[in-house]
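Open your viewer and get the cartoon and the residue selector ready. We will walk through the model stop by stop, with something to select at each one.

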Amino acid sequence: MSQVRGGTHADGGAPVILWFRRDLRLADNPALDWAAGTGRPVVPVYVHDEALEARRLGAAARWWLHGSLDALDAQLASLGSRLILMSGPSAGALVELAGVTGAGALAFNRLYDPSAREREAAVVEMLPDLEVRSFCAGWLREPGTVLTAQGAPYKVFTPFGKALGASFTPPPPCPPPDRLRAPVTWPGSERLADWGLRPCRPNWASAFEGDPGEPGALSQLEGFARRCLETYPVSRDAPGDPRGTSRLSPHLRFGEIAPWRVWSEVGSGRAAAKFRGELAWRDFAAHLLHHFPRMTVDNMRPAFDRMVWRTDPAGFESWTRGQTGFPIVDAGMRQLWTTGWMHNRVRMIVASFLVKDLMIDWREGEAWFWDCLVDADPANNTMNWQWAAGTGIDAAPYFRVFNPVLQGERFDPDGRYVRRWVPELARLPDRWLHRPAEAPREVLDRAGLVIGRDYPAPIVDHAAARTRALEAFRALK
Ligand SMILES: Cc1cc2nc3c(=O)[nH]c(=O)nc-3n(C[C@H](O)[C@H](O)[C@H](O)COP(=O)(O)OP(=O)(O)OC[C@H]3O[C@@H](n4cnc5c(N)ncnc54)[C@H](O)[C@@H]3O)c2cc1C
């Protein structure tokens with residue numbers, strides 16, 4: 001759905017500013033398509049606005065952003081164009097750009113988190129003479145438009161997902177333009193390297209995985225749809241299978257691929273339906289954030305405001321470093337630190353462990369994920385943390401406390417995942433891999449493992465921690 005302000009093509013020759021944010025792609029990009037279609041010169045710009053989102057982009061996501069902007073610049077060059085880089089508050093930067101280029105119009109794709117919306121409004125207000133076109137490009141259905149028969153927002157995923165599936169028809173594919181008309185003179189641009197988005201000394205991202213940018217997103221989708229989709233309903237829960245899920249989350253996060261393209265390309269069989277359901281969860285998160293903008297900071301269930309979370313810096317640090325003594329938790333936290341990504345099943349396990357076993361406020365875990373995930377997303381991250389904590393509207397019930405040992409044995413039975421990320425346990429037989437502290441002495445000896453020296457003893461007694469959590473949660477009712 002496009003939104004319009006101002007006359008159409010008032011000044012036939014004046015350039016169009018094309019403002020990129022979380023839509024770093026050429027194909028299926030409605031703002032780009034409109035700008036190209038005017039036949040006017042187009043000035044593509046990315047404004048590095050630290051306050052664009054509710055908070056500064058996390059370190060891992062900044063790493064991804066660098067690669068994505070680099071890729072976009074190369075793609076624009078192939079159209080005879082380029083990406084202008086500016087920093088500062090978006091409104092000031094775009095006013096300056098409009099002045100320098102004599103622009104007559106602004107085109108962009110809308111965002112839905114509260115601070116991005118504020119910025120959009122400020123930009124539009126500060127450029128009263130420009131024709132403004134904005135579009136929805138980041139979700140299957142525009143956040144705010146999927147409503148119950150009474151016109152209220154859905155609060156539970158299942159009916160939301162049904163309504164979305166029933167009402168959604170993917171738009172037809174929209175290939176990139178062959179060329180973008182360049183302005184007579186290009187305005188100056190900052191240098192990406194000067195933004196310091198990537199670490200150098202030390203380069204903690206040297207083992208980060210993924211290929212940021214639209215070409216990487218398209219090949220990831222193509223490979224997944226061809227090779228792995230059929231097994232998805234089962235393999236999605238196997239963290240040891242590197243091809244069990246699509247790994248599209250950072251690409252979707254930065255808008256390097258349209259979600260409706262992903263939806264269409266996977267087809268409509270049983271496996272595809274399961275996969276489409278996950279894409280619908282992504283829409284649900286944006287929908288919730290649109291209707292409940294305080295979701296990123298407040299418990300969605302106010303009863304939890306009375307919860308007395310534990311202050312436990314040592315426990316939190318063991319969790320962040322993957323040194324809790326629970327192998328599946330430690331494997332997940334180390335995968336996150338090393339690669340910038342963690343498998344969904346393990347995200348649920350480590351979140352449950354932090355909130356229920358350690359009784360640490362979900363917001364602390366959410367902030368750690370925000371800094372460490374290449375796909376860190378204000379809507380997805382908070383909705384899922386609130387789901388795991390039981391504080392969300394449609395959340396796991398508080399009495400569901402994952403047992404990290406049983407979860408490990410169930411979802412990583414052959415230990416492929418734990419052996420990769422917790423190599424000091426690699427020589428333990430499967431039988432003891434997820435409960436090393438319970439292994440008989442001779443088994444530990446054979447594996448060359450001393451608990452407390454090579455690998456920590458569990459930092460909590462899970463059964464006792466579970467009882468403590470249930471009592472605290474029950475008291476809130
Ligand atoms: C505590 C916690 C925090 C999370 N934080 C984030 C986050 O910051 N950013 C993020 O993109 N996802 C987050 N997720 C959701 C999910 O873990 C990731 O989207 C998924 O692991 C990405 O891997 P994939 O692309 O291979 O997923 P696939 O299984 O291939 O799924 C395809 C796509 O569907 C979407 N999706 C899948 N599961 C979910 C979900 N539960 N909620 C919303 N969208 C989903 C993602 O866009 C994903 O790329 C979080 C989950 C938990 C439990």
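Two strands pair here if DSSP finds at least two bridges between them. Helices (H or I, at least four residues) and strands (E, at least two) are DSSP runs, numbered from the N terminus. This is a predicted model: local features need pLDDT of at least 70, side-chain atom pairs count only at pLDDT 80 or more, and totals for chains, interfaces and linings use all residues. Residues are numbered from 1 along each chain as its sequence is written.

**Stop 1: the parallel strands**

Select strand 2 (16–20) and strand 3 (42–48). The two run parallel and are joined by five bridges. Pick Ile17 and you will find Val43 as its bridge partner in strand 3. Now add helix 1 (residues 30–37). Strand 2, helix 1 and strand 3 make a right-handed β-α-β unit; right-handed means that, with the strands pointing away from the viewer, the path from the first strand over the helix to the second runs clockwise.

How many of the residues of strand 3 are buried? Six of its seven are, where buried means that 20 or more other C-beta atoms, placed from the backbone, lie within 10 Å of the residue's own (12 or fewer is exposed, and in between is partly exposed). Strand 3 also runs parallel to strand 4 (residues 84–87), with four bridges joining them. Val45 stands opposite Ile84 in strand 4.

Next, select strand 5 (residues 105–109), which pairs with strand 6 in the parallel sense over five bridges. The chain crosses from strand 5 through helix 4 (residues 114–126) to strand 6, and this β-α-β crossover is right-handed too. Ala107 stands opposite Arg133 in strand 6. Strand 6 (residues 131–135) has four of its five residues buried, so the rest of the structure largely encloses it.

**Stop 2: helix 1 and the loop before it**

Back to helix 1: show side chains for Pro30, Ala31, Leu32, Ala35 and Ala36, which are buried. Their cover includes strand 2, strand 3, strand 5 and strand 6. After helix 1 comes Gly39, with a positive phi near 75°.

Step back to Asn29, in the loop between strand 2 and helix 1. Asn29 counts as buried because it has 25 C-beta neighbours inside 10 Å. Leaving out residues up to four places away in sequence, Asn29 touches Asp23 and Ala137; a contact means C-beta atoms, placed from the backbone, within 7 Å. Try a distance label from Asn29 to Pro175: their C-alpha atoms are separated by 8.6 Å, although the two are 146 residues apart along the chain.

**Stop 3: colour by domain**

The domain assignment gives domain 1 (3–137), domain 2 (138–174 + 214–291) and domain 3 (302–472); such bounds come from an automatic or database assignment. The centres of domain 1 and domain 2, taken over C-alpha atoms, are 25 Å apart. Their contact takes 19 residues from domain 1 and 18 residues from domain 2. On the domain 1 side, helix 2 (residues 59–78) gives the most, with five residues. That side has 10 nonpolar, three polar and six charged residues, counting Ala, Val, Leu, Ile, Met, Phe, Trp, Tyr, Cys and Pro as nonpolar, Asp, Glu, Lys and Arg as charged, and the others, Gly among them, as polar.

**Stop 4: the ligand**

Where does the shell around the ligand lie? Domain 2 and domain 3 both give residues to this shell, so it lies between them. Of the 27 residues around the ligand, Thr245, Ser246, Asn344, Asn381 and Asn384 come nearest; a residue is near if its C-beta atom, placed from the backbone, lies within 6 Å. The elements giving two or more residues to the shell are helix 8, helix 10 (270–291), helix 13 and helix 15 (378–389). By class, the shell has 12 nonpolar, seven polar and eight charged residues.

**Stop 5: backbone oddities**

Most residues other than glycine have a negative phi, and most peptide bonds are trans. Select Arg247, in the loop between helix 7 (232–235) and helix 8 (249–253): its phi is positive, near 55°. Met359, in the loop between helix 13 (344–357) and helix 14 (362–372), has a positive phi of about 55°. Last, select Arg201 and Pro202, joined by a cis peptide bond with omega about -5°. Pro202 lies in the loop between helix 5 (157–167) and helix 6 (214–228).

Methods:
Contact = placed C-beta atoms within 7 Å.
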